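Student: I'm new to this structure and would like a close look at one part of it. Could you pick a single spot, walk me through its surroundings, and then tie that to the rest of the chain?

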Amino acid sequence: GEALTTGVRRLLPAIGASLLYIIPMLIVVVIMLSTFVGAGTPEEMVARLKSLSGSQLLALMVVFIAFFYLAIRFCLANAVAVAESSNPVAILKRSWALTRGHGLRLFGLLVLIGIVGLILGSVASLIGGLLITLLFGPVQPMTIGALVFGLINGIANAALITLFVLMVARIYAQLVNTGSVPKVEDIFA
């Protein structure tokens, strides 16, 4: 009950902290893309997107790298929101301070989780697709097969998100040097 109460109480500050850095970045990306691509039919927009100049592609890459850098620096924001603060600005400042000097390791973690996610998603789709095809026939929209296929992919995504949240909680505990997250050996001892 206490964990649920804390989670509900800290939900809005955590969302607010995320929106403080995500919304400005999205605005920049939307402005850049609308400037570079413009309006029109989807086919026209895709054609203009494919014909971007080198400087336009470089500008987009810089923005996406900045967005990824901020995601790395603020990846502990939810853990900070739960454990320490209910002020969105303080949450971001604390996450920034905790991740200082650990950027490459956190980048490596995100890359590894991305690779695991791709592998897990591919395996779930392949095995799930084969089993569903054997049991229900080809997967078509609005069929039981499509529903089961979506369920299998949802379970795979839930497993990946759980892994990420557990890793972030453990990283947070290590960076603040607390013993609040027990070691696996201590749990099963």
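**A close look at T99**

Tutor: Let's start with what T99 touches: leaving out residues up to four places away in sequence, its contacts are I72, R73, L76 and L106. T99 itself sits in helix α5, which covers residues 88–99. Is T99 buried or exposed? It's buried, because its relative accessible area is just 1%, and the cut-off for buried is under 20%.

Keep in mind that this is a predicted model, so it helps to ask how confident the predictor was. Helix α5 is a good place to be looking, as its mean confidence of 90 is the highest in the chain. The low end belongs to α8, with a mean of 54. Taken over the chain, the mean pLDDT is 84, and 94% of residues reach 70 or more.

Now stay with the helix but move to L98. The C-alpha atom of L98 lies 7.5 Å from that of V176, although 78 residues separate the two along the chain. V176 belongs to the loop between α7 (144–175) and α8 (184–187). Setting aside neighbours within four places in sequence, V176 has contacts with E84, R94 and L98.

From that loop we can step back into helix α7, where F149 is found. F149 counts as partly exposed, because its relative accessible area is 24%. Which residues does F149 touch, not counting those up to four places away in sequence? They are S125, G128, G129 and I132. Between F149 and S125 the C-alpha distance is 7.5 Å, with their positions 24 residues apart in sequence.

L151 is in helix α7 as well, but it counts as exposed, because its relative accessibility is 54% and the cut-off for exposed is over 50%. Its C-alpha atom is 16 Å from that of T162, and the two residues are 11 apart in sequence.

There's an oddity to look at too: M142, in the loop between α6 (103–136) and α7. Most residues other than glycine have a negative phi. M142 isn't a glycine, yet its phi is positive, at about 65°. M142 is also exposed, because its relative accessibility comes to 85%.

Time to zoom out. The chain has eight helices and zero strands, so its pattern along the sequence reads α-α-α-α-α-α-α-α. With a radius of gyration of 21 Å, well over the 16 Å that the globule rule gives for 189 residues, the chain is more spread out than a compact globule. Its C-alpha atoms fill a box of roughly 55 × 50 × 30 Å along the principal axes.

As for contacts, take those with a separation of 6 or more: 62% of them join residues 24 or more positions apart. Buried residues, T99 being one of them, make up 25% of the 189 in the chain. On the outside, the chain exposes about 12,500 Å², and carbon and sulfur atoms supply 75% of that area. Charged side chains come to 11 positive and 6 negative, and the centres of the two sets are 10 Å apart.

Note on methods
Residues numbered from 1 in each chain as written. Predicted model: local features only at pLDDT ≥ 70, side-chain atom pairs only at ≥ 80, totals over all residues. Heavy atoms only, no water. Helix = DSSP H or I, 4+ residues; strand = E, 2+ residues; numbered from the N terminus. Contact = heavy atoms within 4.5 Å. pLDDT = per-residue confidence, 0-100. Buried < 20%, exposed > 50% of the residue type's maximum accessible area, 1.4 Å probe, protein only. Rg over C-alpha atoms; globule rule 2.2 N^0.38 Å. Areas by Shrake-Rupley, 256 points an atom, 1.4 Å probe, with all protein chains shown as cover. Lys, Arg positive; Asp, Glu negative; His and termini not counted. Charge placed at Lys NZ, Arg CZ, Asp CG, Glu CD.
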